[in-house]
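Reader: I'd like to learn how to read helix packing in a model. Can you walk me through a case?

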Amino acid sequence: MGNFVALFLIIIITIPVEVPMLLAAVRRTLCLLGGLLLLSAPVVIAQDITKTLRLPQMSAIPTLDPGLAQDSSSIEVIEQLFLGLTDYDPKTYEVIPELATKWSASADSRTYTFEMRKDVFWSDGVPVTAHDIEYAIRRNINPETASPYAYVLYILEGAEAINKGESKDFNSLGVRAVDDYTVEFRLTQPAGFFPAMAGLWTYRPLPRRSIEAFGTAWTEPEHILTNGSYRLATWEKGNQLILKRNPDYKDSVTQQPAQIEEVNYYIIPESSTGLAMFENGELDIIGGTFLSIPVAEIDRVRKEYADRYSAQPDLCTYYLGVNNEREPTNNPLVRKALSAAIDRKTLVERITKGGEEPATTFTRPPIFGSVDPKEGIGIGYDPEQARRWLAEAGYPDGEGFPTITYMHNTSENHAKIAQAVQAMLRRNLGVNIRIENQEWKVYLKSTTQPDAPHLFRFGWCADYPDANNWLMEVFHPTKSTNRIRWQNSEYAQLTEKAMGSTDPSERIQLYRRAEQILNEEEAAIIPLYFYASKYLVNPRLKDWYHMALGGQQIRYWRLMGRP
Amino acid sequence: MLNFLVRRLGSGALSLLVIAALVFLLLKALPGGPFDTEKSLPPEIMRNIEAYYGLDRPLWEQFVRYVGNALQGDLGVSYSQRDLPVIDLIAQRLPISLELGLYAILLGLLIGLPLGVLAAAYHNRLPDYVATLLAILGTSIPNLALAPMLILFFGLFLKWLPIARWTTWDSKVLPTLALGLGIAAVISRLTRSSMLQVIQEDFIRTARAKGLSEVSVLGQHALRNALLPVLTIMGPILAYLLTGTLVVEEIFAIPGLGSYFITSISNRDYPVVMGIYLLYGFLIILMNTLVDILYAWADPRIRLE
Amino acid sequence: MIETSASPAISKSLNRLAFRRFARNRLALSSFLFLLILFLVAIFVDWLAPQHFAEEDFLATYLQPGEEGFLLGTDFLGRDVWSRILYGARISLTVAICAALASFIIGVSYGLVAGYYGGKLDEWMMRFVDILNAVPTLLFVILIMVYFRAGNPEEFTGFKAIFYEWDSQLGGLLSIFIGIGLTSWVRLARIARAETLSLRRREFIEADLVQGFGVPTILFRRLFPNLLGTCIVAESVAIPDYIIYESVLSFIGLGVNPPVPSWGAMISEGLEGIRSYPHLILAPATAMTLTVLAFNFVGDGLRDAFDPKLQD
């Protein structure tokens, strides 16, 4: 046994001398081993790399059924496969026609009529008609379908009662195919933003014959019928999904089919793996909706791939929810002090480092109803003012201020931000916070309890580009989850009035006032920054742009040459 | 023999049932249901979804139903991959994990057996020390530490091999090494000690006395008998593989069952978690029974009671 | 084997012999010294580490080893990696000792009872052990950890609330001890039972029974000391496993609560930036390997020393 030590020393001493020889030997061995594995390797079908766009997705794609989708991976692929009545302009996020050619609202803004294109076909050659939309909505609202996003249909007459099982009268549902190419929606209340909603996946036409014949298996490649710019070729769940260009598709803008022949989504759960593949030329894009770039690598890739790196604005806001019922954050002065003590600029420049923009309001510009940051609404970084507010609240220099809890869901990024906020509050206010973190699913429960933590982080992203989706649906005292437990009747009235109004300029004014109350006068939340997506894009991909809402518009992109 | 088989199968089935009940109860006791999202779905929508999956029924009924379906080969459907049957999910991912495990065992035998025989043949001489040292090193480097080191050295420093995924042959080398070296170490240690025991037995002395060459004595007579104890650790090796694949698949981003197990735990995808636990229990019970039978077949002195 | 010796005097001298044998095994001895130092580090780490493990500087993140006086650089939160490695030793060793203790107590008591009473009770107890054995320990630990960790602490009442409070004060270690203890006693229970079965037939136990000693006295005063040696040696071989379990749990996010430094959690954190900052992975991986290696050498050395028959 004693010889071990001597042997160990000998090995260590000889290693430097023998390294090249050793390496060669190891390499030979590895090649031999590889040769053995080669015998069993599955046959890889050679694909023409110049015609194939290779994209990563983080999680196995949960569903391709537009009626059941609720997550970004599913929506990304559904966007390529199924058309909606409307779509968004990638720059302004204005609503533009897709499957619809035009639409009109009744005088009371409670009935919307959409005229549809006549030259769109399912992949079996049958035309897409208004009946397919009527069927889709009836099917998605049926409680037996158990669609998680059915509530976006609640704005239709009779929908909520049917979904809750209180009514079985599908004829009372506010959707009707007037003729083959005209569909009419009757709403429970006036809604100026309805055309934006009508493009959502839950409103998209569905192929009745396929769903009724194959049930839940209708989205399998051999059964699925689609009508979008791409068709589903292969779906190996949890591994990869291949789309082929739909030759019959004619885009409403360009009148042409998609440019790229084949799109290959790889499921890659680890972003570090994805980055390695990108650097190896195995992926054409990484970042944004296509697997995020690991934070730890941002500094390096920005330097190394300056020509391929870019930060693109995202329609999301990172904010700290405040428990407005708990001591001491039930005091608006305390909340305002906390908000003013956080240096958002340092936060985005030193911590997140990815082109994010400091936020003082909630609705992300340029969404309709958002406030331009130049207007200066909300509370900016002002440590002097913060200390005055805190003193006014009865805690001069933070004396007597209890330790409050800041909770985030477990993640490196959130931890970093929490710690930066902790340092800023300690430095500027003399206030101590305790940071806790929980697993996502548990976190969601914790933050809806009455004794939720004093501060908790959330990100909110647009479902459709209208402030109603933000101010009304997130913080309305009774009609939203209202995690911040905040009651303000003026705010409630403003958002309700803005929802019903059809006058755009009036709506903008109402939302501006609501933002002012939420972020400035009451400081019921503390917005931190507006998200950005960091991308690395292979230069062979031309005409690429980032679509911050509802799936990428791959049909307009082009591929030139090899990676 | 038949009697033995029936008894083993019976107790195996009982074990599986207990495992199923245990996993079922522990998972059902967890709050933070599988369908919570940031927007926290309206309660009526939650009710629809729960009714869809039969979660609105009493716990015992859910369990009975689950066991009944499981007996017919239906392990329910995944919550996070809507309507995807768990059995399909396992069918997609298990082959990849099996392939990885098989390579690891092959590598383990390929390295471990010769090393063990060598060590025994040169008992208490230099090759023995080298082999034993290597074996202890091999068992001591946890694959959690080994895998990133392999990536760093062969993937990033030397750039010889891809560092992730499970596609071309060269992408399979590092995961196989990460998982197989530990097995090689265990096998070589066991082969060595069991060879040393066998060598002292009478029939080896007889063989030597007959003037057979050392290679023939060790290779034919001793190794054959020394292999028996190696056979017995196939059960523990399987257990090692099941847990090893969790880490190795996660680190190398291999779409096998192990990495998916971790994902489904954080997704609260109960049917998938249960399915994987049952499968693992089943595999281990099967393996242990198989080893017992093989053992009896290989060594006539052992009788199965 | 020493346990079969009835006379305490012989047993003592045999122990001395064993220790002498152990001391002659240089590899085991140097590993033992290494572990001793590691234990001292773990105990006095508050004075030895340059920084507290949670002290972060968000302006000095991702420093390379040696930069600005950080021996092993800093991590994604600007925490000193060297300090975290040292504190990690405390975590790993605490887990090693406490989990071993937990599984020792459960396993030995279980084995004693089963072995002493024998018969139907023994049969059923062993059947239960067989069932538990069908699932790899780590998978069971994971299941139990999922159970411990999930839930909203604010909703906890009674026992679970108290447990949660203790657990979070220990940085999540308590549930790891219990998780490992609850699942890994099986092997030891078998050994303890076998020992008890063989001891029970020996004269001195018969004599105790005749003298009318109570069952607890016989179990813990007479049987327990006699199987202690075997069980300690058997348990010491399992300690590396416990260290690995903890790091795997932390790696998959079910282990210690951040910012408590565990080597497994550090590997998991470092994996994301492996291309830019390999030292964030190399450091904890090396620390873990060395520790496990040392425990293995010591475990082997102990086994060889106390049980020369097994020495090859």
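Author: Sure, starting with chain B: its secondary structure comes to twelve helices and zero strands, where helices (H or I, at least four residues) and strands (E, at least two) are DSSP runs numbered from the N terminus. This is a predicted model, where local features need pLDDT of at least 70, side-chain atom pairs count only at pLDDT 80 or more, and totals for chains, interfaces and linings use all residues. Residues are numbered from 1 along each chain as its sequence is written, with chains lettered from A and ligands numbered from 1 in the order in which they are written.

Reader: What describes two packed helices?

Author: The angle between their axes and the distance between the axes. Here, helix α6 (residues 143-157) of chain B and helix α10 (residues 234-251) of chain B pack at about 25°, axes 10 Å apart. Axes are lines fitted to C-alpha atoms, for helices over the stretch in contact, and angles run from 0 to 180 degrees between N-to-C directions. So α6(B) is roughly parallel to α10(B) (under 35 degrees; over 145 is roughly antiparallel, 65 to 115 roughly perpendicular, the rest oblique).

Reader: Which residues of α6(B) and α10(B) meet?

Author: B:N143, B:L144, B:A147 and B:P148 in α6(B) meet B:G244, B:V247, B:V248 and B:I251 in α10(B); contact puts C-beta atoms, placed from the backbone, within 7 Å. By class, this contact of α6(B) with α10(B) has six nonpolar, two polar and no charged residues (Ala, Val, Leu, Ile, Met, Phe, Trp, Tyr, Cys and Pro are nonpolar, Asp, Glu, Lys and Arg charged, the others, Gly among them, polar).

Reader: And the box around chain B, what does it come to?

Author: Roughly 85 × 60 × 30 Å for the C-alpha atoms of chain B, along the principal axes.

Methods:
Contact = placed C-beta atoms within 7 Å.
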